Amino acid sequence: MDKINAVITGVGGYVPDYVLTNDEISKMVDTTDEWIMGRIGIKERHILNEEGLGTSYMARKAAKQLMQRTKSRPDDIDLVIVATTTSDYRFPSTASILCERLGLKNAFAFDMQAVCSGFLYAMETGANFIRSGKYKKIIIVGADKMSSVIDYTDRATCPIFGDGAAAFMLEPTTEEVGIMDSVLRTDGKGLPFLHIKAGGSVCPPSYYSLDHHLHYIYQEGRTVFKYAVANMSDSCEAIIARNHLTKEDIDWVIPHQANQRIITAVAQRLEVPSEKVMVNIECYGNTSAGTLPLCIWDFEKKLKKGDNLIFTAFGAGFAWGAVYVKWGYDPKEDA
């Protein structure tokens, strides 16, 4: 029996219309465009500011575009995985809402929460369902409404994050393309340095937690920066060594879009030239689980069948890793 690989057969994406610029942020907190660009590399970010709309709205937009591009019918979809930290509700899952909104009748669905590394985990999880031989079409989505957990009086975090979603279709193939390998890790050391203190079972919502802004992201940037550069680089190196690749074999590195200085440092450690690194942080900011698929959504026309891609991310927990993908199709006319 031929080996089954999980290949990416299409991409869909969505970012909200409203654009929050650095000039606007400088009116909220003590900062400037020059400081934000120099320290983070973000010029603007898209924000979902319509009342009553959450992460599932963006995920639905991305998944609907994906289904149109891959000519997939609702009844064809076997599984939906949504990587998100900003689910519409504590329960039910955002993925279950997506099933109803897309009219999916034959799928099961669940959310994955690994913050900025969530889409890496969803790629490997979805790929394993395909490899089992039981599933033919799987949608994996990275989507986050990060504006819902940002304190816009905190100059350390409010310039960093934006909202957005993108989705991949995974299907089986016996060709030597698709999701080839992964190195995924979690060590639990990151709790003190990157978290949202309130809203969970340890610290449920209360007047105190609301008054003290405990439902927003807290981050110690220097510590996160150090761990992110080291662990993203190390996981990429492990993938390269395990698959007997050389630096010249790598066509694209797709890093999590958290900070331009992190992206640059990782590329330098890997000795990969900047023209082989996908970067769109300047116009989207950090969309958490959305950053990796949004990069592919933006760069899809530059990819060709057989290209070697390495995705890498780092997030709260700490959780990080790298996924090696051999791209499965040439540019599509409608992409």
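This is a short talk on one predicted model, covering a sheet, the helices packed on it, the salt bridges and some unusual backbone geometry.

I'll start with the sheet. Five strands make it up, and the sheet is open. Reading across, the order is β1, β7, β6, β4, β5, with mixed pairing. At the edges sit β1, residues 5-14, and β5, residues 108-112, each of them paired on one side only. On average, neighbouring strands in this sheet are turned by 20° against each other, ignoring direction. As a reminder, strands in a sheet pair through backbone hydrogen bonds, and the pairing can be parallel or antiparallel.

Which way do β1 and β7 run relative to one another, parallel or antiparallel? They run antiparallel, and nine bridges join β1 to β7, which covers residues 163-173. If you want a place to look on screen, find V11, which stands opposite F168 in β7.

Now the helices on that sheet. Helix α3, residues 55-69, lies across β1, β7 and β6, the last of these being residues 138-145. The direction of α3 is at about 120° to β1. Helix α5, residues 118-131, also packs on the sheet. The strands that α5 touches are β1, β4 (79-83), β5, β6 and β7. The direction of α5 makes about 20° with that of β7.

Staying with α3, this helix also meets helix α4, residues 94-102. The two axes come within 10 Å and cross at roughly 50°. That angle makes α3 oblique to α4. The crossing of α3 past α4 is right-handed. Which residues meet there? From α3 the list is T55, S56, A59, R60, A63, K64 and M67. From α4 it is T94, I97, L98, R101 and L102.

Next, the salt bridges. In general, side chains of opposite charge can pair when their charged atoms come close. The count for this model is ten salt bridges. I'll go through some of them.

One is between R69 and E300, with the closest N and O atoms 3.3 Å apart. R69 is in helix α3, while E300 is in the loop between α10 (291-299) and β12 (308-315), so the pair ties together parts 231 residues apart in sequence. Are R69 and E300 buried or exposed? Both are buried.

Another is between K305 and E175, at 2.9 Å from N to O. K305 is also in the loop between α10 and β12, and E175 is in the loop between β7 and β8 (178-186), so this pair ties together parts 130 residues apart in sequence. K305 has a relative accessibility of 38%, so it counts as partly exposed. E175, at 40%, is partly exposed too.

The last one I'll show is K247 with E237, where the closest N and O atoms are 3.7 Å apart. K247 lies in the loop between α7 (221-242) and β11 (252-255), and E237 lies in helix α7 itself, so the parts tied together are ten residues apart in sequence. K247 is partly exposed at 22% relative accessible area. E237 is partly exposed at 31%.

Finally, the backbone. Most residues other than glycine have a negative phi, and most peptide bonds are trans. Some places in this model depart from that pattern, and I'll take the peptide bonds before the phi values.

Where are the cis bonds? One runs from F91 to P92, with omega near 5°. P92 is in the loop between β4 and α4. Another cis bond runs from G317 to F318, with omega near -5°. F318 is in the loop between β12 and β13 (319-326).

As for phi, H213 is not a glycine, yet its phi is positive, at about 55°. H213 sits in the loop between α6 (207-211) and β10 (217-219). Its relative accessibility is 39%, so H213 counts as partly exposed.

H244 also has a positive phi, near 55°, and is a residue other than glycine. H244 is in the loop between α7 and β11, and K247 from the last salt bridge is in that loop as well. Is H244 buried or exposed? At 72% relative accessibility, H244 counts as exposed.

How values were computed
Residues are numbered from 1 along each chain as its sequence is written. This is a predicted model: local features need pLDDT of at least 70, side-chain atom pairs count only at pLDDT 80 or more; totals for chains, interfaces and linings use all residues. Side-chain values use heavy atoms; hydrogens and water are left out. Two strands pair if DSSP finds at least two bridges between them. Helices (H or I, at least four residues) and strands (E, at least two) are DSSP runs, numbered from the N terminus. Axes are lines fitted to C-alpha atoms, for helices over the stretch in contact, and angles run from 0 to 180 degrees between N-to-C directions. Contact means heavy atoms within 4.5 Å. A salt bridge is a side-chain nitrogen of Lys or Arg within 4 Å of a carboxyl oxygen of Asp or Glu. Buried means under 20% relative accessible area, exposed over 50%, partly exposed in between (1.4 Å probe, protein chains only). Angles under 35 degrees count as roughly parallel, over 145 as roughly antiparallel, 65 to 115 as roughly perpendicular and the rest as oblique. A crossing is left-handed if the near helix is turned anticlockwise from the far one by less than a right angle, and right-handed if clockwise.
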